[in-house]
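Reader: Got a minute to walk through this one with me? Let's pull it up and go piece by piece.

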Amino acid sequence: MSVRSAITPAPVEVATAVEGFRLWPGALDAAAQAALAATVFARLRQAPPYRPLTPGGRPFSVEMSNFGPLGWVSDRAGYRYQATHPETGRPWPAIPSFLLDLWRRTVDWPGLPDACLVNLYREGARMGLHQDRDEADLGAPVLSVSLGDAARFRIGPAEGGTTTTVRLDSGDVCALTGPARLARHGIDRILAGSSRLLPGGGRLNLTLRVAGRGL
Ligand code: SIN
Ligand code: FE2
């Protein structure tokens, strides 16, 4: 499985109200998408997706798991990164090497990510506008891979104001860099049935972050 060579040229700088949102449309071809989805589902057998609680005590509609030394979790105690799955108590599976290669070829950062949040959106799941700010170094980019059904992604400046929607399709890769690193973003909805990649339907989103010291 390799990253399509077309990933190497400059990404598209999407016109949004915040500078630094980069998009590589169709970065993963059909074979790479299928191989990555199979790898992800195999690792999820060791770390089953679950629905975390918000600090307010409501379950997320998105199912989550993680790969890497650190994983993002939420519960009544708040948001944080931790080394173990909250339900099994076991360490998270390793980040697939394909994703580390993708990071090396796309973002401009000297180190490697030590956390990969796995978001599984079955039909009807969404994610409210938020910022990613639980990481130790907020200067490091966040890299995101979309697989399966298309999504309506919303993004706007950290301080609020105008937001823009961007359709993310299976195989698209995007990054929050520079001023967009702290952009507010979320998933308004999943376009159910737009892809047949995932068994059971829906969308997988893999988000690579430098949560602690990196790998
Ligand atoms: C996230 O912000 O953690 C996920 C975004 C996405 O699903 O594309
Ligand atoms: Fe996020």
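Reader: Starting at the front end: which residue in β2 is the bridge partner of Glu13?

Author: That's Arg22. Keep in mind that we're looking at a predicted model. The two strands involved, β1 and β2 (residues 21-24), pair in the antiparallel sense over 2 bridges.

Reader: And what's the strand order in the open sheet of 7 strands?

Author: The order reads β1-β2-β11-β8-β13-β6-β3, and the pairing is antiparallel. At the edges sit β1 (12-13) and β3 (63-67), each pairing on one side only.

Reader: Which strands does helix α2 lie across?

Author: Helix α2 (residues 97-106) lies across β2, β6 (115-121), β8 (142-148), β11 (173-176) and β13 (203-209). Relative to β8, helix α2 runs at about 125°.

Reader: OK, switching to the metal. What are the protein donors of the iron ion (ligand 2)?

Author: His130 and His185, each through NE2, plus Asp132 through OD. They lie 2.1 to 2.2 Å from the iron ion. Along the chain, the donors follow the spacing H-x1-D-x52-H. Asp132 and His185 link distant parts of the chain, 53 residues apart: Asp132 is in the loop between β7 (127-130) and β8, while His185 is in strand β12 (residues 184-191).

Reader: Are Asp132 and His185 buried or exposed?

Author: Asp132 is buried, with a relative accessible area of 5%. His185 is buried too, at 8%.

Reader: Why is the arrangement around the iron ion irregular?

Author: Because the 4 donor atoms subtend angles of 91 to 172°. For a tetrahedral call, all angles would have to lie between 85 and 135 degrees.

Reader: Now aromatics. How many aromatic pairs does the structure hold?

Author: There are 3. One of them is Phe60 with Trp72, edge-to-face at 6.2 Å centre to centre and 90° between the planes. That pair links distant parts of the chain, 12 residues apart, with Phe60 in the loop between α1 (30-44) and β3 and Trp72 in strand β4 (residues 71-75). Trp72 also forms a tilted pair with Tyr79, at 5.1 Å centre to centre and 40° between the planes.

Reader: So which residues do the ring pairs link into a cluster?

Author: Phe60, Trp72 and Tyr79.

Reader: What's the relative accessible area for Phe60 and Trp72?

Author: Phe60 has 14% and is buried. Trp72 is buried as well, with 9%.

Reader: And how does Tyr79 count at 45% relative accessibility?

Author: Tyr79 counts as partly exposed, since buried means under 20% and exposed means over 50%.

Note on methods
Residues are numbered from 1 along each chain as its sequence is written. Chains are lettered from A and ligands numbered from 1 in the order in which they are written. This is a predicted model: local features need pLDDT of at least 70, side-chain atom pairs count only at pLDDT 80 or more; totals for chains, interfaces and linings use all residues. Side-chain values use heavy atoms; hydrogens and water are left out. Two strands pair if DSSP finds at least two bridges between them. Helices (H or I, at least four residues) and strands (E, at least two) are DSSP runs, numbered from the N terminus. Contact means heavy atoms within 4.5 Å. Axes are lines fitted to C-alpha atoms, for helices over the stretch in contact, and angles run from 0 to 180 degrees between N-to-C directions. Donors are N, O and S atoms within 2.8 Å of the metal (3.2 Å for Na, K and Ca); water is not among the atoms, so sites may look incomplete. Four donors count as tetrahedral if all angles lie between 85 and 135 degrees; four count as square planar and six as octahedral if opposite donors are over 155 degrees apart and all others between 65 and 115; anything else is irregular. Buried means under 20% relative accessible area, exposed over 50%, partly exposed in between (1.4 Å probe, protein chains only). Rings of Phe, Tyr and Trp (its six-membered ring) pair if their centres lie within 6.5 Å; planes under 30 degrees apart count as stacked, over 60 as edge-to-face and the rest as tilted.
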